[in-house]
Amino acid sequence: MSNVKMLCCRSTAFLVAVIMVCCSLMYYPCRTHAAVKKSDEELKKMSEEIIWLVNEARAEENEKIKAENVKRAEEGLEPLPLLKPMKSVPYLSDKARERARETIFKFSHYRPRWDGKEDDMDNLFITIVDENLIPYSGAGENIAAGFDNAKATFNQWKESPGHWKAIISPSYTHIGVGCAFDENSTYKYYWAQLFISYDYETFGPLEDEYIPERYKTVPKDTGDINGDGEINSYDLITINKYLAKMLDLNDLQIASADLLKDGSITSADATVLRKYILGKVKTVPLTMDEYVSQLADG
């Protein structure tokens, strides 16, 4: 990367970081008492959940943008850009975890330093990212502390205008999220989001980039528990394995398996599904009264 390009990247990152530093001073981390340590895998899973929440928030924001663009079109104004889902990069999440660990010692957008010098560009948060691996054109960071779950931490950022602005920024293309735990620290759990603006046209796709999916199985309708678009014996096998605690279902699958719509999955739902597959029940979902009625009519 040319020196001019690198200077531009660093300058952009610095300006964004200054905004984030100001925002982070507007709230205090939530103090957690008697925190229970989670495994590294659990910390990574929570970090991935943050990325789901970010992209779901961006999708929700798009609905507002679309409504605003209707008004802008009537006024002859240019439409606002829609938000694309941010892509996750394992390298960025590794660096975000490292940043989360650093905030245990220094809750700041400047990294800990031991040379006695004042904070400057040399220890800005973005220096943790190797520009040769990710030649970014802009960068931002959100940090938080105190909560031991993704949703509460995300809501911390959502309630802060500056942090929320980073989450729904159309400029950012990639994200990394990390969480760290230190039993002997003040707030126990520490979180970091790294946002990157990246030029696809110039550099092409980043290695191992992907859009995390909350739901790998998406049912098409009630009873289609395995998400293949059909209601058959495979779905019956799936619900019976779930009831036997042989597998887990995501919340969409649980909603699909609740054929009686009573808020719980029991052997009664499996029975209804079996009757539906055999043609003895004509429609699902249905109430217990409707179920009994259909059996009587059949």
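Mentor: One definition to start: two strands count as paired if DSSP finds at least two bridges between them. And keep in mind that this is a predicted model.

Trainee: Okay, so which are the edge strands of the sheet?

Mentor: The sheet is open, with four strands in the order 1-3-4-2 and mixed pairing. Look for strands that pair on one side only. Those are strand 1 (87-88) and strand 2 (138-145).

Trainee: And strand 3 with strand 4: parallel or antiparallel, and over how many bridges?

Mentor: Strand 3 covers residues 174-181 and strand 4 covers residues 189-197. Their pairing is antiparallel, and the bridge count is eight.

Trainee: Which residue in strand 4 is the bridge partner of isoleucine 175?

Mentor: Isoleucine 175 falls within strand 3, residues 174-181. Its bridge partner over in strand 4 is phenylalanine 195.

Trainee: Which strands does helix 4 touch?

Mentor: Helix 4 is residues 150-158, and it packs on the sheet. Its direction makes about 120 degrees with that of strand 2. The strands it touches are strand 2 and strand 4.

Trainee: What does the angle make helix 2 relative to helix 4?

Mentor: Helix 2 (residues 40-74) lies across strand 1, strand 3 and strand 4. The axes of helix 2 and helix 4 come within 9 Å and cross at roughly 45 degrees. Because that is neither under 35 degrees nor in the 65 to 115 range, helix 2 is, relative to helix 4, oblique.

Trainee: By class, how many residues in that contact are nonpolar?

Mentor: On the helix 2 side you'll find residues including Met46, Ile50 and Leu53, and they meet helix 4 residues, among them Phe154 and Trp157. The contact has one polar and two charged residues, while the nonpolar count is eight.

How values were computed:
Residues are numbered from 1 along each chain as its sequence is written. This is a predicted model: local features need pLDDT of at least 70, side-chain atom pairs count only at pLDDT 80 or more; totals for chains, interfaces and linings use all residues. Side-chain values use heavy atoms; hydrogens and water are left out. Helices (H or I, at least four residues) and strands (E, at least two) are DSSP runs, numbered from the N terminus. Contact means heavy atoms within 4.5 Å. Axes are lines fitted to C-alpha atoms, for helices over the stretch in contact, and angles run from 0 to 180 degrees between N-to-C directions. Angles under 35 degrees count as roughly parallel, over 145 as roughly antiparallel, 65 to 115 as roughly perpendicular and the rest as oblique. Ala, Val, Leu, Ile, Met, Phe, Trp, Tyr, Cys and Pro count as nonpolar, Asp, Glu, Lys and Arg as charged, and the others, Gly among them, as polar.
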